[in-house]
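Open the model in your viewer and keep the selection tool ready. The tour goes from the overall layout to the details.

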Amino acid sequence: MLVVMQTHATQGQIDHVLDAIRDMKLTPHPMPGATRTAIGITGNVGAVDPRTLEVLPGVMELIRVTKPYKLASREMRPADTSIKVANTVIGPGTCTMIAGPCSVENEAMILRTAEFMMENGVRLLRAGAFKPRTSPYSFQGMGLEGLKILEKARAKTGIGIVTELMDTDNADAVEAASDIIQIGTRNMQNFSLLKCVGKARKPVLLKRGMSATLEEWLMAAEYVMAGGNYNVILCERGIRSFSDHSRNTLDLSVIPPAKKLSHLPILVDPSHGTGKRDYVPAMALASLAAGADGLLIEVHPDPDHAASDGAQTLDFTAFKKLLDALKRLAEPLGKTVN
Ligand code: PEP
Ligand code: MN
């Protein structure tokens, strides 16, 4: 259920509606808009007689949200969500780049990559300190030591940090070290982890589960938002299919329906989507053309010697070339690359 307040509703009237919703043992989610405030309601809304709210001063109308995901739906918030983070913005009109190595390997390579990104106008560095690996014998990441390196890079260069949270135990440490918390594909339906980042004060980059439908993905976003963290960024990273010419099947066809059903920004990760560095530039450009609000690209100073995902990782020269091509494509699309 959505309560739409009148354009000139006072703060007192809004507060009165919030209290009335809480009195019904439901949760209000105030959403200030350009012209008026809307208040989303979650909980067992079906049990409530909407007329009790309809008659309150300052209320314009009550709208029933038909989709199972509420806060993530466009019915609840018609305008695109824009998320301000680390001296940049993710949302309409921009193609936000998030780039960096798959894993934090040592301080020197992270610093070098952070400096290179800042020189090239990329404001968000992504590198994993905790790595979800298929094999327990593969490099598992540097853990807390890796987070310290990321914090150092942020302090030294001013770059924003995106890094993965794999379990609730490390939530505080990852939140402190990051500007955006990544939830990986394997954890998209780890509901305790989703509830945990719902309480975080940093935006969440929610990768699509490799076998998740769009509705399941938006329900995962809803878990985070229901906890009070409304800054969720979706990230398509490829799904499992019968195709074996690429690591995953990058489902760019999910972008238009995701945009239709949800106001949340959506990024694309063509690195994990293809698994091969030669294919990354074409799919990055295609993502932008299909309406993505940004890209997550794996970049390493020496990809052939990367500790993880080297085969799908661009070197600095290839990344710079891609950045130039993206800028040329962004212009006629009315977007700026940031
Ligand atoms: C990653 O971003 O390095 C990663 C492990 O991604 P995903 O969860 O999409 O596999
Ligand atoms: Mn990776």
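Bear in mind that this is a predicted model.

**Domains.** Start by colouring residues 2-63, which make up domain 1. Give a second colour to 83-337, the span of domain 2. Now place a marker at the C-alpha centre of each domain: the two centres are 35 Å apart.

**The ligand site.** Select ligand 1. The space it takes is the second largest pocket. Which residues surround ligand 1? Show Cys102, Arg126, Lys131, Pro132, Gln182 and Gly184, which are among them. Then add Thr185, Arg186, Lys207, Arg237, His272 and Glu298 to complete the shell. Colour this shell by residue class: 6 of its residues are charged, 4 are polar and 2 are nonpolar.

**Contacts with the ligand.** Zoom in on the oxygen atoms of ligand 1. Begin at Lys207, where a side-chain N or O atom is 2.8 Å from a ligand oxygen. Move to Thr185; here a backbone N or O atom lies 2.9 Å from an oxygen of ligand 1. Finish at His272, which places a polar side-chain atom 3.1 Å from a ligand oxygen. Next, switch on surfaces. On its own, ligand 1 has 290 Å² of accessible area, and the protein covers 97% of this.

**Aromatic rings.** Leave the ligand and select Phe116, Phe316 and Phe319. These three residues form one aromatic cluster. How many aromatic pairs does the structure hold? The count is 3.

How values were computed
Residues are numbered from 1 along each chain as its sequence is written. Chains are lettered from A and ligands numbered from 1 in the order in which they are written. This is a predicted model: local features need pLDDT of at least 70, side-chain atom pairs count only at pLDDT 80 or more; totals for chains, interfaces and linings use all residues. Side-chain values use heavy atoms; hydrogens and water are left out. Rings of Phe, Tyr and Trp (its six-membered ring) pair if their centres lie within 6.5 Å; planes under 30 degrees apart count as stacked, over 60 as edge-to-face and the rest as tilted. A residue is near a molecule or strand if one of its heavy atoms lies within 4 Å of it. A polar contact is a pair of N or O atoms within 3.5 Å; within protein, one must be able to donate a hydrogen and the other to accept it, and residues adjacent in sequence count only if both atoms are side-chain atoms. Accessible areas come from the Shrake-Rupley method with a 1.4 Å probe; for residues, only the protein chains shown count as cover. On a 1 Å grid over the protein atoms alone, a cavity is a set of points where a 1.4 Å probe fits but cannot get out, and a pocket is an open set with protein on both sides within 12 Å along at least five of seven lines; lining residues have an atom within 4 Å of a point. A molecule sits in a cavity or pocket if more than half of its atoms lie within 2 Å of its grid points. Ala, Val, Leu, Ile, Met, Phe, Trp, Tyr, Cys and Pro count as nonpolar, Asp, Glu, Lys and Arg as charged, and the others, Gly among them, as polar. Domain bounds come from an automatic or database domain assignment.
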